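Reader: Could you take me through the salt bridges in this one, slowly? I'd like a close look at that part, with enough of the surroundings to place it.

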Amino acid sequence: MLWISVSVHPKESNCERVVTYYSFNNSYVPEGYNCAVYCIIILLHQFAAYTLRTSLAVLYVILCCYFSTLLQQLSKQTFKGLDVAGYSTIRHHLVTHELLMKALKTFERTMSLPIFLIGIGECIAMFHSFVKLDPFHQSGERWFLKHYTFWLYFATLRAVLSFLCVSLAASRVHEACKNTKDVQEEMMKMIIASDHKHKKELLLLLVSHNSPPFTLSAWGFFHFDRGMILSAIGSILTYSLLILQLDTNQM
């Protein structure tokens, strides 16, 4: 809640405590300017936090789109080359697919924890904003909306867009891997129907095809596919309504 923290005007004594804390218990600010310095500190602190998180999310989305594009191109090239190059295309497909899977696993190990933290943060932001916005007028804290309605809408929109971009980009990798499985099935049919014996290629294709499609995850807690997006949003809305209902019963 960057803009909420900046728009609230605390007392001079409270500002002085915060500024002294960030300056290692040394007071360098003249009397009366502590709140101005406090706002700058909070602004820079929140901006750095949002910038780092957003940069990681953008990098993750770009890399996911890159990997999914490579997998889709591999599937298209294999389909086109089956009738022309034959078994050399199958060998090229197997080698390229194995390299892409190794790269995806390395990418998964590197980015799964940051994406887990980002995803949890966005889910909490959506949950908090939905409860505070109170679309069904069931909460007793209506005073909160008088001052922070715009910023709540901004935080909600930002969290939803970030969560959807990351989830949809990661689910594209899963869909691209499923398409490669279809291509591998066609290649196995071609080998079985041919008169030539290519047991090695057939066995390698069988092993690759029988393995489940690769799915990116958030530190193993949840895996990114199309169904996960609806489940996550549905869970957030359900628990938000539950909290609002409990708040109404306590009034």
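Author: Start with burial: 37% of the 251 residues in the protein count as buried. Keep in mind that this is a predicted model. About 15200 Å² of the protein is exposed, and carbon and sulfur atoms supply 67% of that area. As for the fold, you're looking at seven helices and zero strands, so to speak an α-α-α-α-α-α-α run from the N terminus on. Take the contacts between residues at least 6 apart in sequence: 76% of them join residues at least 24 apart.

Now to the part you asked about. Side chains of opposite charge can pair when their charged atoms come close. The structure holds three salt bridges, and Arg 53, Glu 122 and Arg 158 are linked in a network of them.

Glu 122 is a good place to begin. Glu 122 forms a salt bridge with Arg 53, and their closest N and O atoms are 3.7 Å apart. That pair links distant parts of the chain, with Glu 122 sitting in helix α4 (residues 87–133) and Arg 53 in helix α3 (residues 34–81), 69 residues apart. Are these two partners buried or exposed? Glu 122 has a relative accessible area of just 1%, so it counts as buried. Arg 53 comes out at 24% relative accessibility, and because the cut-off for buried is under 20%, Arg 53 counts as partly exposed.

The next partner is Arg 158, which also forms a salt bridge with Glu 122, here with the closest N and O atoms 3.2 Å apart. Arg 158 belongs to helix α5 (residues 143–193) while Glu 122 is in α4, so this pair ties together parts that are 36 residues apart in sequence. Both Arg 158 and Glu 122 are buried. Put together, the network of Arg 53, Glu 122 and Arg 158 has Arg 53 in α3 and Glu 122 in α4, with Arg 158 in α5.

The remaining bridge to look at pairs Glu 185 with Lys 189, whose closest N and O atoms are 3.8 Å apart. Where do these two lie? Both are in helix α5, four residues apart, which is about one turn of the helix. Glu 185 is partly exposed, with a relative accessible area of 31%, and Lys 189 is partly exposed too, at 47%.

Since α4 carries Glu 122, have a look at how that helix packs against another one. Its partner is helix α6 (residues 199–210): the two axes are 11 Å apart and the packing angle is about 40 degrees. At that angle, α4 and α6 are therefore oblique to each other. The crossing of α4 past α6 is left-handed. On the α4 side, the contact is made by Ile 90, Arg 91, Leu 94 and His 97, and on the α6 side by Glu 201, Leu 204, Leu 205 and Ser 208.

If you follow the chain on from α6, one more residue deserves a glance. Trp 219 lies in the loop between α6 and α7 (226–249). Most residues other than glycine have a negative phi. Trp 219, though not a glycine, has a positive phi of about 60 degrees. Its relative accessibility is 48%, so Trp 219 counts as partly exposed.

Key
Residues numbered from 1 in each chain as written. Predicted model: local features only at pLDDT ≥ 70, side-chain atom pairs only at ≥ 80, totals over all residues. Heavy atoms only, no water. Buried < 20%, exposed > 50% of the residue type's maximum accessible area, 1.4 Å probe, protein only. Contact = heavy atoms within 4.5 Å. Areas by Shrake-Rupley, 256 points an atom, 1.4 Å probe, with all protein chains shown as cover. Salt bridge = Lys/Arg side-chain N within 4 Å of Asp/Glu carboxyl O. Axes fitted to C-alpha atoms, helices over the stretch in contact; angles between N-to-C directions. Parallel < 35°, antiparallel > 145°, perpendicular 65-115°, else oblique. Left-handed = near helix turned anticlockwise from the far one by under 90°.
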